[in-house]
Amino acid sequence: MATRMTLQSAYGETLRELGGHYSNLVVLDADLSKITQTVHFARSYPDRFLNVGIAEQNLMAIAAGLATTGMIPIAHTYACFASMRACEQVRTFISYPGLNVKIVTTSAGIEEGWSGVTHQAIEDMAIMRTIPNMTVVAPSDPFLTRRAAEAMVSHRGPVYMRLGRNPFPVIYQDGVSFTLGKAIRIREGEDVTLIACGIMVEKALRAAEMLQAEGIRARVLDMHTIKPLDEEAVLSAARETGALVTAEDHLVAGGLGGAVAELLASRCPTPLERIGLQDTFGETGDPEKLFEKYGMTPGDLVAAARRAIARKG
Amino acid sequence: MPASMELIAELERKANGLRCDVVKMCYHAGSGHPGGSLSAADMVAALYFHFLRLDPGNPKWEDRDRFIMSKGHACPVLYAALCRRGFFPEEVLWTLRRFGSPLQGHPDMKSTPGLDMTSGSLGNGLSIGVGMALGGRIAGKDFRVYVMLGDGELQEGLVWEGAMAASHFRLDRLTALVDYNKLQIDGENREVMNLEPLVGKWQQFGWHTIEIDGNDMAQVVRAIEEAQRTGGRPTCIIGHTIKGKGVSYMEGAAEWHGRAPTQEELERALAELGEKGGNA
């Protein structure tokens with residue numbers, strides 16, 4: 001079995017399967033169907049596939065109109081364009097009326113690597129998370145992506161799901177279960193909790209191994225749903241381990257780190273360190289080089305865990 | 001078959017009634033957009049009292065025709081039409097823009113019975129109408145979709161993304177109606193950002209176009225009938241209108257884009273309109 005696989009290929013296959021289960025599923029793309037892997041659905045269900053060209057605002061507005069007729073539209077494009085170029089269409093015409101539109105994006109984060117800042121969405125979770133009615137999902141692994149896609153389609157209401165671009169490490173096995181808004185506790189620990197989403201989950205697991213070698217037992221939560229946040233999982237981690245680290249391929253402001261910080265500040269103040277982009281844009285390059293430069297490696301998580309533990313009262 | 005004189009006269013009475021409602025609603029609200037509501041009243045009346053296939057007892061009927069007021073600030077005339085078509089009682093009209101009212105400052109499909117789409121942020125309605133028409137086609141339904149566009153909002157780029165898509169997908173059940181009253185907040189279109197040649201633009205985007213006097217009911221009815229007969233491509237009806245139509249001191253005056261009449265102004269407006277029509 002492959003140890004790395006793109007989330008898109010897992011998603012694309014699942015999408016085609018879902019097309020057989022839901023006769024009202026309509027897939028929209030904006031000239032990226034080979035990258036978003038909607039091509040498989042398009043071949044099987046050409047009458048329910050719409051390519052709107054390079055026009056992301058149109059993509060979202062058409063999806064809104066489709067949803068009013070009882071369809072379940074899924075709009076696909078890059079995370080940058082879905083969250084920023086088409087932000088108002090998403091906010092005012094999808095989320096405000098609570099229409100049953102799904103948005104699935106690729107090239108989320110600096111993990112995208114080589115295309116550079118224009119195509120690296122580092123604000124998308126923050127933007128989507130502040131929109132009322134919106135659910136925000138960032139899966140970490142191909143198998144989880146499959147289950148997340150199924151949960152997204154069966155959920156009634158707008159959902160934003162961000163996928164990376166390059167092959168992701170396989171973490172789970174087929175049959176992993178996914179519940180929207182319910183974190184997966186993939187590693188037990190009492191000294192510190194690493195809360196991660198997307199590509200950073202596997203890095204958090206590696207960091208936990210490294211901490212184990214130092215005698216530090218780290219809990220790891222796969223917080224695949226950023227909104228609604230699994231508050232119970234975060235608060236019990238705060239109470240039981242007393243130190244937290246968040247990790248996301250995104251700005252630390254407004255995304256997973258922001259969501260956890262907001263919750264802790266009001267419910268359970270706890271030492272927290274946030275791994276991710278610190279008020280900076282990314283740049284072109286090999287993703288591993290970028291993760292090193294911007295302090296997002298397993299080693300950086302280890303150092304952050306030590307800092308958080310040192311701040312315990 | 002040409003529309004009968006009786007039908008035209010009846011629709012003119014309905015349009016006049018909507019105009020009376022609009023000025024009264026804006027007076028009660030103390031704000032709102034009378035100018036663009038009055039210019040659109042004839043096209044809205046023709047749709048709601050003759051063309052649209054609707055069931056006020058079942059506002060969410062899946063086979064109903066859809067109407068999107070893309071120029072959402074003209075919602076007073078749309079709310080009046082929904083009310084007079086039987087979707088909600090008259091007293092609701094006088095709650096426009098009040099806290100707790102089902103008649104929000106700009107259209108909210110969740111609040112108002114019979115309202116097909118949220119709008120207000122300009123330039124979005126045509127693309128949403130494209131989505132509705134595609135949804136109808138995929139579902140094998142024969143409903144039609146009408147989108148009313150303001151002239152000023154044609155300056156938004158998304159309108160033309162929607163125009164391109166509508167002809168690409170050959171959406172002949174989609175009709176756009178442009179309320180071409182020539183005025184926007186800062187003045188005349190041609191001075192703010194010229195739209196001309198407007199008919200040519202729609203033609204070049206692959207639409208069947210019909211240019212009419214949008215305040216002449218007989219022309220409005222004929223144009224919508226022609227749109228319904230046109231196959232293979234969407235139709236754009238460009239209706240030349242007068243902003244504030246029917247109230248002399250509002251006609252052609254940009255200041256009445258977004259201001260409510262005083263009591264004295266209201267009385268003058270109602271006297272001019274005769275407060276007649278089929279609604280009283």
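**A colleague's note on the two-chain model**

1. Helices α4(B) and α5(B) are roughly parallel to each other, because angles under 35 degrees count as such and theirs is about 25 degrees. Please keep in mind, here and below, that this is a predicted model. The axes of α4(B) and helix α5 (residues 157-168) of chain B are 7 Å apart, and α4(B) passes α5(B) in a left-handed crossing. From α4(B), the residues that meet the partner helix are Leu126(B), Ser127(B) and Val130(B). They face Leu158(B), Val159(B), Glu161(B), Gly162(B), Ala163(B), Ala165(B) and Ala166(B) in α5(B). Sorted by class, this contact holds seven nonpolar residues, two polar ones and one charged.

2. Now to the place where the chains meet. Helix α4 of chain B (residues 125-139) also comes up against helix α4 of chain A (residues 56-68), with the axes within 6 Å and crossing at roughly 45 degrees. These two helices are therefore oblique to each other, and their crossing is right-handed. On the chain A side, the contact is made by Asn58(A), Ala61(A), Ile62(A), Ala63(A), Ala64(A), Gly65(A), Leu66(A) and Thr68(A). Chain B answers with Ser127(B), Ile128(B), Gly129(B), Val130(B), Gly131(B), Met132(B), Leu134(B) and Gly135(B). Nine of the contact residues are nonpolar, seven are polar, and none is charged. If you are colouring the model, note that Ser127(B) and Val130(B) appear in this contact and also in the one with α5(B).

3. How many residues of each chain take part in the contact between the chains? The count is 24 residues of chain A and 23 residues of chain B. Both α4 and α6 (87-95) of chain A supply at least two residues each to the side that touches chain B. The largest share of that side, nine residues, comes from α4(A). By class, the chain A side has 13 nonpolar, eight polar and three charged residues.

4. Within chain B, helix α1 (residues 5-29) packs on helix α2 (residues 34-51) at an angle of about 140 degrees, and their axes are 8 Å apart. That makes the pair oblique to each other, because only angles over 145 degrees count as roughly antiparallel. The crossing of α1(B) past α2(B) is right-handed. On α1(B), the residues in contact are Leu7(B), Leu11(B), Lys14(B), Ala15(B), Leu18(B), Arg19(B), Val22(B), Val23(B) and Cys26(B). Among their partners on α2(B) are Pro34(B), Leu38(B), Ala41(B), Ala45(B) and Phe49(B). Across the contact there are 14 nonpolar, two polar and three charged residues.

5. Helix α10 of chain A (residues 231-241) is a nice one to view end-on. Which of its residues are buried? They are Ala233(A), Val234(A), Ala237(A), Ala238(A) and Thr241(A). Seen down the axis, these buried residues fall within an arc of 135 degrees, so they line one face of the helix. As a reminder, an α-helix has 3.6 residues a turn, so residues three or four places apart point the same way. The face turned away from the buried side carries the exposed residues Glu232(A), Arg239(A) and Glu240(A). Elements covering the buried residues include β10 (192-196), β11 (218-222), β13 (244-251) and α11 (256-267) of chain A. After the helix comes Gly242(A), with a positive phi near 70 degrees.

6. Arg165(A) is worth a look too. This arginine lies in the loop between β7 (159-162) and β8 (168-169) of chain A. Is Arg165(A) buried or exposed? Arg165(A) counts as buried because it has 24 C-beta neighbours inside 10 Å, where 20 or more are needed. Setting aside neighbours within four places in sequence, Arg165(A) is in contact with Thr106(A), Ser107(A), Glu111(A) and Glu112(A). The C-alpha atoms of Arg165(A) and Ser107(A) are separated by 4.8 Å, although 58 residues apart along the chain.

7. Last, Val39(A), which sits in helix α3 (residues 39-44) of chain A. Val39(A) has 17 C-beta neighbours inside 10 Å and therefore counts as partly exposed. Beyond neighbours within four places in sequence, its contacts are Ser33(A) and Lys34(A). Glu13(A) is 26 residues away from Val39(A) along the chain, and their C-alpha atoms are separated by 9.6 Å.

Conventions
Residues are numbered from 1 along each chain as its sequence is written. Chains are lettered from A and ligands numbered from 1 in the order in which they are written. This is a predicted model: local features need pLDDT of at least 70, side-chain atom pairs count only at pLDDT 80 or more; totals for chains, interfaces and linings use all residues. Axes are lines fitted to C-alpha atoms, for helices over the stretch in contact, and angles run from 0 to 180 degrees between N-to-C directions. Helices (H or I, at least four residues) and strands (E, at least two) are DSSP runs, numbered from the N terminus. Angles under 35 degrees count as roughly parallel, over 145 as roughly antiparallel, 65 to 115 as roughly perpendicular and the rest as oblique. A crossing is left-handed if the near helix is turned anticlockwise from the far one by less than a right angle, and right-handed if clockwise. Two residues are in contact if their C-beta atoms, placed from the backbone, lie within 7 Å. Ala, Val, Leu, Ile, Met, Phe, Trp, Tyr, Cys and Pro count as nonpolar, Asp, Glu, Lys and Arg as charged, and the others, Gly among them, as polar. A residue is buried if 20 or more other C-beta atoms lie within 10 Å of its own, exposed if 12 or fewer, and partly exposed in between; C-beta atoms are placed from the backbone. The arc is that of the directions from the helix axis to the C-beta atoms.
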